[in-house]
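Okay, thanks for coming, everyone. I'll put the structure up and then we'll walk through it piece by piece.

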Amino acid sequence: MITLKSQREIETMAQAGAIVGSVLDLLRREVKAGMSTEDLDRIAEAFIRSHEGATPSFKGLYGFPKTLCTSINQEIVHGIPSKKRVLREGSIVSVDVGVHLDGLHADSATTIGVGEISPETERLLAVTQESLVAGIAAARIGNHVGDIGHAVQTVAEGAGFGVVRELVGHGIGARFHEEPQVPNYGTPKRGPRLLEGMTIAIEPMITMGNPATKTLADKWTVVTADGSLSAHFEHTVAITADGPRILTKAH
Ligand code: MG
Ligand code: MG
């Protein structure tokens with residue numbers, strides 16, 4: 001079932017989303033070679049809990065143990081923060097975070113370069129971000145979920161990159177994952193119609209090589225099967241009469 005949110009619920013999600021956006025801004029400033037992904041997790045959890053009533057959405061979700069998902073290089077999503085995972089110069093780390101506040105969730109992700117990264121890696125990050133912008137622009141009343149996926153796919157594949165199929169965006173609200181699924185590929189005018197009050201997480205996962213995935217033995221970390229780099233950018237967006245509204249921006 002797709003749940004439509006009231007204006008008040010959307011404002012609450014924007015408050016949760018402002019914390020999410022601020023966490024990602026903070027991590028963008030903090031990331032340095034030599035830090036572990038556990039260090040990032042600790043910074044994020046302390047920041048979230050410093051806001052009254054806010055808790056990390058991921059901790060305990062389906063049994064996930066941490067505040068962040070931290071996915072390095074060929075890891076696409078769901079990497080588990082660890083002291084043993086140390087960031088190296090020239091790597092990229094995708095950081096995904098959710099915040100729960102007053103009964104509602106917000107969800108966003110970004111990929112951060114560690115120090116200097118290669119021009120081709122820069123391009124992967126830029127194109128993934130562009131594909132997210134295109135997907136958000138299609139999140140309008142009267143469009144369909146397929147219009148979002150088509151917009152993302154057109155940008156990413158047009159630049160020669162791969163679109164991950166096995167993982168998709170999602171509705172979000174009182175539950176972290178709600179209907180509808182929001183794939184990063186699709187056909188215009190197909191899929192559920194977008195209605196005022198829908199809130200969805202749009203989250204392209206884009207690969208430099210083939211987008212086929214596999215899951216590591218930890219049963220969480222999803223990687224590219226061919227070992228190519230992967231980037232992930234995500235915003236929670238409300239469908240409003242005034243067009244798409246990004247809820248996960250820092251204030
Ligand atoms: Mg996310
Ligand atoms: Mg999400």
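How many bridges join S4 to S5, and do these strands run parallel or antiparallel? The count is 10 bridges, and the strands run antiparallel. Before I go on, please keep in mind that this is a predicted model.

So, staying with that pair. If you want a place to get your bearings, Val97 stands opposite Ser108 in S5. The hairpin of S4 and S5 has two residues between the strands, and Asp102 there takes a positive phi near 50 degrees. Strand S5 covers residues 104-113, and it's mostly covered up: nine of its 10 residues are buried. While we're around here, look at Ala174, in the loop between strand S7 (169-171) and S8. Leaving out neighbours within four places in sequence, Ala174 is in contact with Gly103, Leu104 and His105.

Now the metals, which I guess is what you're waiting for. What coordinates the magnesium ion we call ligand 1? Asp96 shows up twice through OD, and then there's Asp107 through OD and Glu234 through OE, at 2.0 to 2.7 Å. Along the sequence, the donor residues of ligand 1 are spaced D-x10-D-x126-E. That brings together distant parts of the chain: Asp96 sits in strand S4, and Glu234 sits in the loop between strand S13 (230-232) and strand S14 (235-240), 138 residues apart. Asp96 is buried, and so is Glu234.

Then there's the other magnesium ion, ligand 2. Its donors are Asp107 (OD), His170 (NE2), Glu203 (OE) and Glu234 (OE), at 2.0 to 2.2 Å. The spacing of the donor residues of ligand 2 in sequence reads D-x62-H-x32-E-x30-E. Again distant parts of the chain are linked: His170 is in strand S7, while Glu203 is in the loop between S9 and strand S10 (205-207), 33 residues away. Are these two buried or exposed? His170 has a relative accessible area of 5%, so it counts as buried. Glu203 comes in at 6%, so it is buried as well. And which residue bridges the two ions? That's Asp107, with the magnesium ions lying 3.2 Å apart.

Next, sheets. One is an open sheet of five strands in the order S8-S7-S9-S14-S15, with antiparallel pairing. At its edges are strand S8 (178-182) and strand S15 (243-246), each pairing on one side only. Neighbouring strands in this sheet are turned by 30 degrees against each other on average, ignoring direction. Zooming in on one edge, four bridges join S14 to S15, which run antiparallel. There you'll see Val237 opposite Ile246 in S15. Helix H1 packs on this sheet, touching strand S9 (199-202), S14 and S15, and its direction makes about 40 degrees with that of S15.

There's also an open sheet of three strands, ordered S3-S12-S11, again with antiparallel pairing. Its edge strands are strand S3 (75-77) and strand S11 (213-215). The twist here averages 40 degrees from one strand to the next. Two bridges join S3 to strand S12 (residues 222-224), and Glu75 stands opposite Val223 in S12.

Okay, over to a helix. H2 runs over residues 37-49, so 13 residues, and reaches 18 Å from its first C-alpha to its last, close to the 18 Å expected at 1.5 Å a residue. Which residues of H2 are buried? They are Thr37, Glu38, Leu40, Asp41, Ala44, Glu45 and Ile48. Looking down the axis of H2, the buried residues fall within an arc of 150 degrees, so they line one face of the helix. If you think about how helices are built, that pattern makes sense: an α-helix has 3.6 residues a turn, so residues three or four places apart point the same way. And what do the buried residues of H2 pack against? Helix H1 (7-30), strand S1 (55-56), strand S2 (68-72) and strand S4 (92-101).

Last stop is Thr121, which you'll find in helix H3 (residues 119-137). Thr121 has 7% relative accessibility, and the cut-off for buried is under 20%, so Thr121 counts as buried. Not counting residues up to four places away in sequence, Thr121 touches Ile92, Met208 and Leu229.

That's my tour, so over to you.

Key: Residues numbered from 1 in each chain as written. Chains lettered and ligands numbered in written order. Predicted model: local features only at pLDDT ≥ 70, side-chain atom pairs only at ≥ 80, totals over all residues. Heavy atoms only, no water. Buried < 20%, exposed > 50% of the residue type's maximum accessible area, 1.4 Å probe, protein only. Arc of directions from axis to C-beta. Contact = heavy atoms within 4.5 Å. Donors = N, O, S within 2.8 Å, 3.2 Å for Na, K, Ca; no water. Pairing = 2+ DSSP bridges. Axes fitted to C-alpha atoms, helices over the stretch in contact; angles between N-to-C directions.
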